[in-house]
Amino acid sequence: MKSAQPKVLHRVAGLPMIDYVLATAAALAPRSTTVVAGHQADVLRQALAAYPNVDVVLQEPQLGTGHALLQTEPALRGATGTLVLLSGDVPLLTVATLRTLVAHHVASKAAATVLTAVVDDPTGYGRAVRSDAAGARSDAAGARSGAAGGQLTRIVEEKDASAAEREIREVNSGIYALALEGDDPDGPDGLFRAVREIGTENASGEYYLPDLVTVYRRHGRTVSSVSVRNPDEIRGINSRSDLAIVSRIMRHQKAAELMAAGVTIEDPATAYIDRDVTVGADTVLHPNVFLEGTTTIGAGCEIHSGTRIVNSQIGDGAIVLNHCVLAGARVGTGARIGPFAHLRKDADVRDGARVGNFVELKNTVLGAGSKSMHLAYLGDARIGEGVNVGAGTITCNYDGERKQQTVIKDGAFIGSDSQLIAPVTIGEQAYIGSGSTIRENVPAGALAVSAGKQRNIDNWVGERKKKRASTSSHKE
C-alpha cells in the first residue's frame, strides 16, 4: 500500500477493511477470535482495542501464511471443532458464504475445506489443481455452483505454477475451514502437526498454508472445497487501486440494498453511503451525496447534491439543500437546512426549524419553528421555539479561556448584525435592535439596543474629495 499504516486499517467505504472481516466472523458466534499481526503489529493492536473479545498474536518474523497459523497454536491449544481461517484484506466475504463453508466442512467430515472461485483473470492467485484439471478449467458454470469436476489435489501459487497450471481459472481464496483435534494437536491427526510438515521449497522460500492440502492428501485425510458463486466475495486488496475497486463494489451493494427498500437514489454511481447508514423509505438522494458513519436518515426526506452527513440523525420529512456539511448533528422532523449550512458537534435543529445560507451551528439547540436564514454563527447556544435570528448574528461564546452559553427564549427576535456576548440570556418575546452588541441579560418583552443615535455629516464626501485633490496637487 506504500503507507505508514497497516493495510487492514485502510478504509473501505468508510470503515477499516478488517472491521468487515471481524463483523462477518462474529456472525458465526465463534468461541474465540484471534488476529495474527505482523507488520506494524502495535498499531494494529491499538486499533483492535475496540474489540475486547479479539485476541492478537504476533508473527515475527513473517515467514508465510503457514507460519502465521502456527502462531495461534498457544491460543487454540485444547480447542475442538472447526477453525475458520479468514484474510484481513478480503472484506466482501458474506456471512451466507461463510456459513455454507462451515456446514459443508462439517458434513463432509473433512480435515480441511477450501473456499475457491472461478475468475476471468486468475493473475496473482493460487490455482486449485484437481484430479480432473481439464474439467475444472472448462466447466466455469459448474465450478461456480460448487460442482467443479475432480478432487482437489493441491494448490499451487502462481510463482510456482507451470504454464498449464496458470491457465486454470479456479483459484484459492485463502479462506479455509480446518478441523481442530482437541487436547493432542501434535497427534497423528493434529492440525498444527500437519502445518509443521509444510516445507519452504517454493519461489518465495515461505511456509505456504495452501500446501496443507498436499500434506493432508499424503496422509489420506479428506480435503473438500466450496466454490463461491460471486467471485467478488474473495477479492483481496493489495493496492490503492484495489481499495478503490472494492469500495466501489461496496457502495454499489449498499445503494442497491437501499433502493430495494424504497429509497430513490438518482445516481447510484455517485452515492457514497457507508455500511452502517440507514435511510427511510421515500427519501430522495440526489447525485454526489455522502452519508457516513452511523448516520440515520428518516422517511420522506430529500438530500440534495454536494451534501456530506456524518454520524448524524435526520428526522422524517427533513430537507437538506445543496452543499451542506453535518457532523454529529440532529435534524428534527420537517426541518429545512441549507444550502451551504454547517452543523457540527451536537448541533440540534428541532422540528420545523430552518437553517439557511452560510449559517453555522455548534453545540446549539435551535428550537421548533425557529429560524436562522443567513450568515450567522450560533455556538454554545440554547434557542427556544419560534425565534428569529437575523442575518449576521454572532454568539460570542469564547471569553479567551472558556466557552460560555447564550440562552434565547421562546419568541425572541434578534435583529441583523447583532453580537450576543456570552454568558447572556434573552428573555421571551424580547427584541434585539439591529447592529446591537448585547452584554447584559435582556428581560422578557423588552427591546434592547446598544447603538448610539445616528448622526449625519452633510457634504462629508465632497469635502473629502477636495482634501485628497489638494494633497495630490501639493505633492506634484
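User: Why does arginine 235 count as partly exposed?

Analyst: Arginine 235 has a relative accessibility of 28%, and since buried means under 20% relative accessible area and exposed over 50%, with partly exposed in between (1.4 Å probe, protein chains only), arginine 235 falls into the middle class. This is a predicted model, in which local features need pLDDT of at least 70 and side-chain atom pairs count only at pLDDT 80 or more, while totals for chains, interfaces and linings use all residues. Residues are numbered from 1 along each chain as its sequence is written, and side-chain values use heavy atoms, with hydrogens and water left out.

User: What makes the contact between arginine 235 and aspartate 232 a salt bridge?

Analyst: A salt bridge requires a side-chain nitrogen of Lys or Arg within 4 Å of a carboxyl oxygen of Asp or Glu, and the side chains of arginine 235 and aspartate 232 meet at 3.1 Å, N to O, so the pair satisfies the rule. Aspartate 232, with 22% relative accessibility, also counts as partly exposed. The structure holds 16 salt bridges, and Glu73, Arg77 and Arg196 are linked in a network of them.

User: How do you know that lysine 254 and glutamate 257 are about one turn of the helix apart, and is lysine 254 buried or exposed?

Analyst: Both residues lie in helix α11 (residues 240–260), three residues apart, where helices (H or I, at least four residues) and strands (E, at least two) are DSSP runs numbered from the N terminus. Their side chains meet in a salt bridge at 3.6 Å, N to O, and lysine 254 counts as buried because its relative accessibility is 8%.

User: Which strands hold glutamate 292 and arginine 308, and what makes this a link between distant parts of the chain?

Analyst: The side chains of glutamate 292 and arginine 308 meet in a salt bridge at 2.8 Å, N to O. Glutamate 292 lies in strand β15 (residues 289–292) and arginine 308 in strand β18 (residues 308–310), 16 residues apart, and in this way the pair links distant parts of the chain. Glutamate 292 counts as buried at 18% relative accessibility, whereas arginine 308, at 38%, counts as partly exposed.

User: Why is cysteine 301 not bonded to the closest cysteine sulfur?

Analyst: A disulfide is a pair of cysteine sulfur atoms within 2.5 Å, but the sulfur of cysteine 301 is 13 Å from the closest one, in cysteine 324, which is too far for a bond. By this rule the count comes to zero disulfides. Cysteine 301 is buried, with a relative accessible area of 2%, while cysteine 396 is partly exposed at 26% relative accessibility.

User: Where is valine 449 found, and why does valine 449 count as exposed?

Analyst: Valine 449 is in the loop between β38 (447–448) and α12 (460–475), and its relative accessibility of 57% makes it count as exposed.

User: How much space lies in the second largest pocket, and which helix gives the most to its lining?

Analyst: The second largest pocket holds about 370 Å³ of space. Its lining has 16 residues, of which Tyr20, Pro91, Met250, Gln253 and Arg275 lie nearest its centre. The elements giving two or more residues to that lining are α1 (17–26) and α11, and α11 gives the most, with four residues. A pocket here is an open set of points on a 1 Å grid over the protein atoms alone, with protein on both sides within 12 Å along at least five of seven lines, and lining residues have an atom within 4 Å of a point. Grid points are joined across faces, edges and corners, and a volume is the space filled by probe spheres set on the points.

Note on methods: 1 Å grid on protein atoms, 1.4 Å probe; cavity = no way out; pocket = protein on both sides within 12 Å on 5 of 7 lines; lining within 4 Å.
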